[in-house]
Amino acid sequence: MTLAVTACAGGAIAQSTPVSNGTSFVPGGPGATLYQPGGRPAAPSVSGTTLTGQKLTLAGYRGRGLVVLNFWGSWCAPCRQEAPALAALASHFQAGEVRFLGVDIRDSPASAQAFLRDYRIGYPSLNDPGDEIALAFRGSVPPVGIPTTLVIDRNGRIAARIVGGVSYDGLKALITQIARPA
Amino acid sequence: MAGPGDSPVTGLRIPPGAERPQVPATGTAGPPGGGAPDGGAPDGGPRTRPPARGLRLGLAGWLRWGWRQLTSMRTALVLLFLLAVASVPGSVLPQQGIDPAAVTQYYAAHPALAPILARLSLFNVFAAPWFAAIYLLLFASLAGCVLPRTFRLVGSARQLPPQAPRNLARLPLSASYRTDLPPGAALESAGQLLTAKRFRLRTGDGWVAAEKGYLREVGNLIFHIALLALLGAVGMGGLFGYKANRLLVVGDSFANTVTALDQYRPGRLVSPADLQPFSVTLNNFTASYITSGGQRGQPSSFNAAVSYTAAPGEPVRHDSLRVNHPLDVDGVRLFIIGHGYAPVFRVTDGTGRVVFNDPVPFIPVEQNGLTSDGVIKVPDANPTQLGFAGVFLPTMIDVGGRLQSAFPAALNPRVSLLAYAGNLGMNSGQPQSVYQLDTGGLHRLPIAPDPLAVGQSMKLPGGAGTLTFTGYKQWISLAITYDPGQLPALIAGIAALAGLLLSFLVRRRRVFVRAYAGEDGATVVDLGGLARSDAAGGFESEFAGLAAEFSGTQDGRRFVQVVARPEEPGSHDHDSSVRGASNGDPARGEASLRDPALREASLRDPALRDEEGE
C-alpha cells in the first residue's frame with residue numbers, strides 16, 4: 001500500500017530484520033546498537049558528490065574525530081523530525097571533535113536542498129540516487145530503514161547504529177560515550 | 001500424497017475419550033470423572049473404562065493419538081484441500097506482496113470493508129498466521145507420514161524373497177515338469193537361470209525362491225524421498241528467500257538494499273547483508289496497447305530496457321524485461337508487475353525558490369485508460385507547506401463535462417490537480433504514505449482544477465507559489481523474488497514423478513521352484529509364480545517362458561503346463577485367465593483348490609502386504 005513509507009524506518013522493516021552482526025553488540029535502547037571497541041565493523045570506503053556538487057570521501061574524515069553518518073530523505077517524516085536535533089548537535093560539537101555527514105536517499109536535488117535550507121543544516125550530504133552508498137555498507141552495517149544514523153570512531157570503525165529518528169539528548173550521550181578515551 | 005497404500009496405523013482412530021465402556025466396572029454408573037484414581041486394574045486399558053477415565057490415558061496417549069491423526073492420509077488430504085481453499089483469497093483480493101498499489105485502490109474503493117479484511121490478513125494471505133498454520137500442519141503431517149514409510153520401504157527393498165510355499169500349484173501361476181536330473185541339480189540349474197535373469201535368490205531345502213522387480217520399491221523410495229525433499233525445498237525457500245517490490249521511474253536506478261526497496265519481506269533466516277548486491281537502471285520503457293476491438297486499451301506488450309551490475313564494480317550488462325521474460329541476476333528474479341505514469345512537476349514556493357522538481361509516480365485506478373491518481377507533497381515550501389492531489393489522464397477526453405482518459409498511451413496527457421496549503425503532517429515524524437495526502441492540517445486553495453497540458457502552470461492564490469507540469473515519465477513496478485528452494489523443488493518434483501512412474505510400471509514378481517523325487521523315480525520340478533496384481537500384465541508370458549527354459553535346459557520330459565489362476569477367489573469374470581501358455585492341459589483341474597487365507601498367509605510378507613492393502 002505504502003511504497004515509500006515502508007522504507008521509512010522505525011516501522012516494520014527495522015523490527016522484522018534483527019541485527020545479526022555477531023556477538024559484540026549490546027542493545028543501547030530502542031533501535032540503537034552499540035558495538036564494543038573490539039568488535040566494531042570497519043566502515044566501507046565511501047565517496048560521492050554532495051548535494052552542492054563537491055567531491056567527498058569518507059576516508060578523508062579518518063583520524064579527524066568521530067563521524068556521524070546520517071541516512072535521510074526529504075520525503076521521510078521521521079527524518080524531518082530528527083533534523084533539528086542533528087543540526088543542533090552538528091553546531092554543538094567542534095568540527096575537530098565530531099563531524100556530521102548526511103547521505104541523501106531516494107531524493108531529488110531540489111527537494112533535498114529545500115530541506116537543508118529549511119532545517120539550516122550546515123554539514124554536507126552525499127547524494128545517493130542509485131543507492132550505491134547504502135549498498136557499500138552491506139558488508140558492515142547495512143541501513144535497514146530511513147533514517148539510520150551511524151557513529152564511526154576515530155579509526156574508521158562503526159561504533160553505533162541507530163535505526164529510526166534520533167533525539168538530541170540521546171545522540172549526544174551516545175557520541176560522548178564513544179568519544180571518551182577507552 | 002502418501003502412496004498407494006497407507007499404513008495400518010494411520011487409519012481412522014477413535015479418540016480415547018470417545019470410547020464407550022464395554023464392560024461397566026461396577027453395577028452402577030459413578031459420577032462423571034469419579035472413582036478412585038488408583039482403583040482400576042493395572043491391565044485395564046481405556047477400552048474397558050468409563051468415558052471420563054479415558055482422560056487417564058495420559059498426555060503421552062493423547063499425543064500419540066494426536067500424532068496419528070495428524071499423520072493420517074485423511075488429515076493430509078483435508079489440509080491440502082484447506083491450503084487450496086486458503087489460497088483463493090490470494091487470487092481474488094489484491095495482495096500486499098504482489099501489488100501494493102492495488103491494495104491501496106481497494107482501500108479507497110471499500111473503506112469500510114478493507115480494514116476488516118486487512119485484520120484477517122486477507123491482503124497478505126501467504127504470510128497470514130492461519131495460512132502458516134495450515135502449511136506447517138501439512139508439512140508435519142506429510143513428514144510424519146512419509147518418513148516412517150521411507151524406512152519401511154528401505155527394509156522392503158532389502159528383503160529377501162520369502163520361503164517357497166509348500167504347494168506351488170496353489171499359486172496364481174504354476175507349472176510342473178519332470179526331468180532325469182536329480183532334484184539338487186535341477187534346483188541348481190533353475191537357480192542359475194533365475195540369477196542370470198537378475199532374480200534375487202533364496203534357497204532352502206528342496207526349494208528356490210526368487211524375486212524380481214525391486215525397482216518398484218526403489219521407485220517408491222525415490223517418490224517418498226523426493227516428496228520429503230520437495231517439502232524441504234519449499235521450507236528452504238521460506239527460510240532463505242525473500243520478496244521485495246520496487247517502483248522505478250525511467251532514468252532512475254536502485255540497488256538491492258533494504259532502504260531502496262518499497263516492500264521487503266525476508267525469509268526467517270535472511271539478514272539485510274544477505275541481499276544480492278545488484279543495481280538496476282531503467283533506461284527505457286515502452287508499452288503497446290490494442291487499439292481496436294473489445295480489448296481496446298489492453299496492453300499487448302511491454303519492454304523495459306535495463307542495464308544492471310551484479311555487484312559494485314562488476315561490468316554493466318543490458319537486458320530487457322518483457323512479459324514472461326524476467327531479469328535474472330544472481331538467482332534473483334525481477335518481474336514487471338505494473339506500470340504507469342509519473343508526471344514531472346516543478347514547484348516554486350512563495351519565496352521564489354524551486355522547492356520541488358521531480359517525477360511523481362501516479363497510480364492507475366483503471367486499466368482501459370490508465371487514469372491515475374497521485375499526490376505531490378512539498379514539505380519545504382515557504383511560507384507554508386504545499387500539497388496537491390489529482391489525476392493524470394494519458395489521453396484526456398471530455399465526455400459531457402466530465403474528464404476521462406480514453407486510452408492508456410499518452411496521446412493527450414493532462415493532469416488535473418487540487419491544491420492545498422498548511423501542514424502536511426510530515427514534520428511530526430509520523431510515517432505516512434507517499435500516495436496519500438493527510439488533509440487534516442491542510443486547507444484547499446481556492447483555485448479551479450483546470451487540466452494542465454505539458455508546460456502549463458498553475459499559479460497558486462495568495463502568493464503561495466507556482467506549480468508547473470513540465471512533462472511525464474513512465475514507471476514500472478518490479479517484483480523482486482529470491483527463492484533458493486525453487487530449483488531443488490523442481491528437481492524433487494521431477495524425481496517424485498519418475499519414482500511414481502517406476503513404481504507403477506515395474507511389478508514385483510516371485511518365482512518359486514521345488515524339486516523332489518516323483519513316484520516313478522524321475523524328478524518332479526514344480527514352479528510357482530506370483531506377481532502384484534495391480535501392475536500391467538506380462539508376467540504370465542514371462543513365467544511361461546521361464547518354465548519352458550527350465551524344462552529345456554534340464555532336458556525336461558513330457559509336458560510343461562502353466563496354469564494361471566485368478567487372483568481373487570470371487571472374481572468369476574477372470575475365468576478366462578486360465579490359459580495354458582504352452583500345451584495347456586485343462587484336465588489338471590487345478591482351479592478347485594483355493595484357500596485364500598492360507599495363500600495370503602504363506603505368500604505375503606509384511607512389507608508387501610502393507611503395499612497391497614489397498
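## A disulfide, a bent helix and some unusual backbone spots

A:Cys79 has a relative accessible area of 1%, so this residue is buried. Buried here stands for under 20% relative accessible area. Please keep in mind that the model is predicted.

**The disulfide**

What is A:Cys79 joined to? Its partner in a disulfide is A:Cys76, with an S to S distance of 2.4 Å. That falls within the cut-off of 2.5 Å, so the pair counts as a disulfide. The link of A:Cys76 and A:Cys79 is right-handed, with 80° about the S-S bond. Like its partner, A:Cys76 has a place among the buried residues: its relative accessibility is 0%, so it counts as buried. Over all chains, the count of disulfides comes to one.

**Helix 2 of chain A**

A:Cys79 also belongs to the buried residues of helix 2 of chain A, and others on that list include A:Ala77, A:Arg80, A:Glu82, A:Leu86 and A:Leu89. What do these buried residues pack against? In chain A, their neighbours are strand 5 (66-72), strand 6 (98-105), helix 3 (109-118), strand 8 (148-152) and helix 5 (168-179). They also pack against strand 15 (385-393) of chain B.

You can check the length of this helix yourself. Helix 2 covers residues 77-92, and at 1.5 Å a residue its 16 residues should span 22 Å. The end C-alpha atoms are 24 Å apart, which agrees. Where does helix 2 of chain A bend? The bend, about 40°, is at A:Ala83, and the proline A:Pro84 follows within four residues. A:Ala83 is itself one of the buried residues of this helix.

**Cis peptide bonds**

Now let us look at the backbone in some loops. The peptide bond from A:Ile146 to A:Pro147 is cis, with omega near 0°. You will find A:Pro147 in the loop between helix 4 (132-136) and strand 8 of chain A. In chain B, a cis peptide bond joins B:Asn382 and B:Pro383, with omega about 5°. B:Pro383 sits in the loop between strand 14 (372-378) and strand 15 of chain B.

**Positive phi values**

Which residues other than glycine have a positive phi? The table lists two aspartates and their loops.

| Residue | Phi | Loop between |
|---|---|---|
| A:Asp131 | near 60° | strand 7 (125-128) and helix 4 of chain A |
| B:Asp330 | near 60° | strand 10 (327-329) and strand 11 (332-349) of chain B |

Is A:Asp131 buried or exposed? With 0% relative accessibility, A:Asp131 counts as buried.

Notes. Residues numbered from 1 in each chain as written. Chains lettered and ligands numbered in written order. Predicted model: local features only at pLDDT ≥ 70, side-chain atom pairs only at ≥ 80, totals over all residues. Heavy atoms only, no water. Helix = DSSP H or I, 4+ residues; strand = E, 2+ residues; numbered from the N terminus. Expected span 1.5 Å × (residues − 1). Bend = angle between axes of the 7 residues up to and from the residue. Buried < 20%, exposed > 50% of the residue type's maximum accessible area, 1.4 Å probe, protein only. Contact = heavy atoms within 4.5 Å.
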